[in-house]
Amino acid sequence: MRNIRLWIDKSLTISDTKAPVEPQQQAAPQLLLRIAVQCLMAMVVLFAIALFVPQVRLFWVTTKLLVQQDLWLLEAFLFLSVPLFISARPMPRELQLRDAHTLLIALALVTLCYLGHRLLLMDYDLSRDEQMANFDAAIFSHGRFAWPLAAEWQKDASALNLEFMLPVGNPAAWVSAYLPFNAALRAVVGSIADPALTGPLLTAGSLLLIWSIAQRIWPADREVPTIAVLLLLGSGQFVITGMTAYAMPAHLFFNLFWLRLFLADRRPCDGLAILVGFIATGLHQPLFHPMFVAPFLLLPLFERRWQRFAIFALSYGAIGIFWLSWPIFIHSLVAGPASITAAAGTDYLSRIAQVFSLSIANPTLTAANILRFCTWQHLFLIPLMTVGIRAVRQNRLAAALAASFLLPIVVIAVILPYQGIGFGYRYLHGVLGNAVLLALFGWQTLVIRHEELRPIMLRACAASLLILLPAQAWMAHARYAPFALMSEKIKQSGADYFLIKATDGPLTHDLVLNRPDLSNRPLRLGFEDIEDAHLLARRICKAGGTMAFGTDAFYAPTWSYFGNKPERLASMNLYEIKAPFIKAGCKIKLIS
């Protein structure tokens with residue numbers, strides 16, 4: 001490795017002819033290259049920890065994505081990063097975007113993310129998180145907090161898929177266990193346009209906000225906001241997550257909106273920031289926004305501005321109490337006379353205690369998450385961010401940004417290190433703006449060498465936008481396509497019911513998705529969640545109807561995507577599974 005570093009140092013052709021550089025102030029391109037190499041080495045170490053420590057294999061989705069996506073992206077980083085520094089000529093002209101240009105880029109980003117959802121992700125909600133956002137939006141769009149469940153389905157509600165719902169058995173109504181504002185935003189957008197525009201609009205709004213915040217922090221430097229925009233645009237996590245129904249684009253938007261108001265440091269803006277904090281805390285989980293805010297609330301405390309600190313502290317105390325009480329209110333709407341509340345309870349403290357898990361697998365999963373975050377960003381975000389960390393000692397805002405970024409990593413590593421599906425590390429999406437702002441502090445640290453760094457930055461942007469982002473887009477499409485196509489086949493089956501076994505294919509249980517009013521056909525039923533198949537069959541088949549099943553060929557694409565030899569699990573015990581429905585009078589259809 002030392003020989004590699006020596007070769008890299010000799011490869012640099014950028015020289016300083018303006019003034020001698022002190023030994024402790026080495027040339028910025030060389031410094032950035034050294035840090036970039038160190039970051040790449042750290043990413044390789046993270047990969048080794050995540051892949052080769054056995055405990056992480058318990059979470060096979062993480063391991064599969066690590067090999068199928070992150071390994072290839074890591075190799076791309078290794079291949080692309082060092083050549084960016086070779087034979088770069090100084091560029092005296094600053095990189096500047098005008099306000100109008102930034103607005104046009106934001107509008108183009110809305111279009112890109114919306115088309116990406118329709119074409120790249122095939123207008124499909126893959127994860128349960130995405131599905132629940134639109135499920136709740138459909139409820140809220142009718143002016144309800146929960147949708148009454150038809151009496152005949154209350155006892156068999158588990159077969160309709162109650163995952164990520166409030167832990168209530170035999171519910172009288174249903175709604176997700178998430179807080180409401182992400183779904184409410186989708187309902188509002190859906191009242192005037194396609195709700196799929198919600199994520200793209202929030203993503204474009206985040207781009208405009210990072211531009212504005214950079215102008216606020218560095219008012220005399222017109223280049224810094226441009227660097228901020230370029231760093232965000234080159235992030236596959238930022239762009240592709242903006243195509244989804246995840247709450248993460250909303251978290252990023254409202255966190256940046258809050259920060260912009262907080263930095264304005266005026267009483268009306270502080271009041272508006274508290275309102276924004278109320279919305280941000282209630283997006284989907286009550287923990288993410290308070291973790292973002294907490295380090296910033298210490299700034300007025302250090303400045304001995306007691307009144308400002310007290311107003312924010314008391315306000316967030318009230319906000320926390322309100323949203324922690326929300327599940328109890330919803331429980332009163334969902335539970336009926338025959339309902340059974342799970343042992344975990346519906347309040348957040350009980351549910352956090354249930355998922356709390358500290359084991360040797362936590363560090364390996366966290367390593368995989370951090371690596372995934374790094375490989376889905378702009379090529380230079382992490383190196384510049386690493387340089388920017390040096391500003392923490394001299395600048396309280398930089399220190400707050402760093403603490404706000406690191407806090408979710410530590411907390412989530414303990415509470416819930418497994419993120420499942422996502423582009424990059426979605427639990428850090430809300431603090432992606434922190435990473436960009438810290439990178440801007442790094443860019444400012446190297447200000448005397450900007451002429452030499454600008455061509456390198458432009459190369460990194462070109463590589464990120466023209467090589468990494470298309471590769472990440474292809475990975476996203478490949479991930480969604482098998483399930484989107486299967487879901488479409490289910491819709492076109494013409495059956496009244498479609499029975500899905502969780503063992504038929506990888507992650508196929510998420511195909512069990514129904515509308516709140518159960519108006520979709522076929523209704524999708526999860527086999528493992530049926531308490532008594534004979535009783536259910538007698539009820540739903542007494543008037544005839546068709547029950548459909550997927551064949552081995554139907555589920556084969558999911559096995560192929562994850563690199564497994566297609567299993568014949570759909571046909572296993574199929575005769576015994578369909579027998580009660582045949583006996584009760586249902587017609588049987590096999591879908592391949």
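Is Glu303 buried, partly exposed or exposed, and what is its relative accessible area? I looked this up at the outset and found that Glu303 is partly exposed, with a relative accessible area of 39%. I record here that the model is a predicted one.

**Entry 1. Salt bridges**

I searched the whole structure for salt bridges and obtained twelve. I then took individual pairs in turn.

I began with the partner of Glu303. Arg305 forms a salt bridge with Glu303, and the closest N and O atoms are 3.8 Å apart. I noted Arg305 as partly exposed, at a relative accessible area of 31%.

I turned next to Arg372, which forms a salt bridge with Asp70, with 2.8 Å between the closest N and O atoms. This pair links distant parts of the chain: Arg372 belongs to helix α16 (residues 361-375) and Asp70 to helix α3 (residues 60-81), 302 residues apart. I checked the accessibility of both partners. Arg372 counts as buried, at 4% relative accessibility, and Asp70 counts as buried as well, at 1%.

I also examined Asp504, which forms a salt bridge with Lys501, the closest N and O atoms lying 3.5 Å apart. Asp504 is buried, with a relative accessible area of 4%, and Lys501 counts as buried at 9%. I then asked which residues are joined into one network by salt bridges that share partners. The network consists of Asp265, Asp270, Glu303, Arg305 and Arg308.

**Entry 2. Backbone geometry**

I followed Asp265 from the network to its backbone. Asp265 is found in the loop between α11 (248-264) and α12 (267-281). The phi of Asp265 is near 55°, a positive value in a residue other than glycine. I noted that Asp265 counts as partly exposed, at 33% relative accessibility.

Met122 also caught my attention, with a phi near 60°, again positive in a residue other than glycine. I placed Met122 in the loop between α4 and α5 and found Met122 partly exposed, with a relative accessible area of 28%. I set down the background: most residues other than glycine have a negative phi, and most peptide bonds are trans.

I looked up one peptide bond in this connection. The bond from Arg521 to Pro522 is cis, with omega near 0°. Pro522 has its place in the loop between β5 (497-500) and β6 (523-526).

**Entry 3. The nonpolar core**

I asked which members of the largest nonpolar core touch the most other members. Of its 198 residues, these are Trp153, Trp258, Phe296, Phe380 and Leu525. The largest share of this core, 17 residues, comes from helix α20 (residues 450-491).

I listed the contacts of Trp153, leaving aside residues up to four places away in sequence. Trp153 touches Leu160, Tyr497, Leu518, Leu523, Leu525, Leu536, Arg539 and Ile540.

I then inspected helix α9 (residues 224-233), which is mostly covered, with ten of its ten residues buried. Among the buried residues of α9 are Val224, Pro225, Thr226 and Leu233. I found that the buried residues of α9 pack against α4, α8 (198-217), α10 (236-241), α17 (381-388), α19 (432-445) and α20.

**Entry 4. The second largest pocket**

I looked up the second largest pocket and noted a volume of about 970 Å³. It is lined by 38 residues, and those closest to its centre are Asp125, Asn134, Lys491, Leu513 and Arg515. I recorded the elements that give two or more residues to this lining: α4 (99-120), α5 (128-140), α7 (181-190) and α20. Of these, α20 gives the most, with six residues. By class, I found 16 nonpolar, ten polar and twelve charged residues in the lining of the second largest pocket.

**Entry 5. Two residues in α22 and α23**

I located Asp552 in helix α22 (residues 552-561). Asp552 is buried, with a relative accessible area of 15%, because the cut-off for buried is under 20%. Leaving aside residues up to four places away in sequence, I found Asp552 touching Glu567, Arg568, Leu569, Ala570 and Ser571.

Lys583 lies in helix α23 (residues 574-584). I found Lys583 exposed, with a relative accessible area of 75%. Lys583 and Arg538 are 45 residues apart in sequence, and 8.4 Å separates their C-alpha atoms in space.

Terms used. Residues are numbered from 1 along each chain as its sequence is written. This is a predicted model: local features need pLDDT of at least 70, side-chain atom pairs count only at pLDDT 80 or more; totals for chains, interfaces and linings use all residues. Side-chain values use heavy atoms; hydrogens and water are left out. A salt bridge is a side-chain nitrogen of Lys or Arg within 4 Å of a carboxyl oxygen of Asp or Glu. Helices (H or I, at least four residues) and strands (E, at least two) are DSSP runs, numbered from the N terminus. Buried means under 20% relative accessible area, exposed over 50%, partly exposed in between (1.4 Å probe, protein chains only). A nonpolar core is a set of buried Ala, Val, Leu, Ile, Met, Phe, Trp, Tyr and Cys residues joined through side-chain atoms within 4.5 Å. Contact means heavy atoms within 4.5 Å. On a 1 Å grid over the protein atoms alone, a cavity is a set of points where a 1.4 Å probe fits but cannot get out, and a pocket is an open set with protein on both sides within 12 Å along at least five of seven lines; lining residues have an atom within 4 Å of a point. Grid points are joined across faces, edges and corners, and a volume is the space filled by probe spheres set on the points. Ala, Val, Leu, Ile, Met, Phe, Trp, Tyr, Cys and Pro count as nonpolar, Asp, Glu, Lys and Arg as charged, and the others, Gly among them, as polar.
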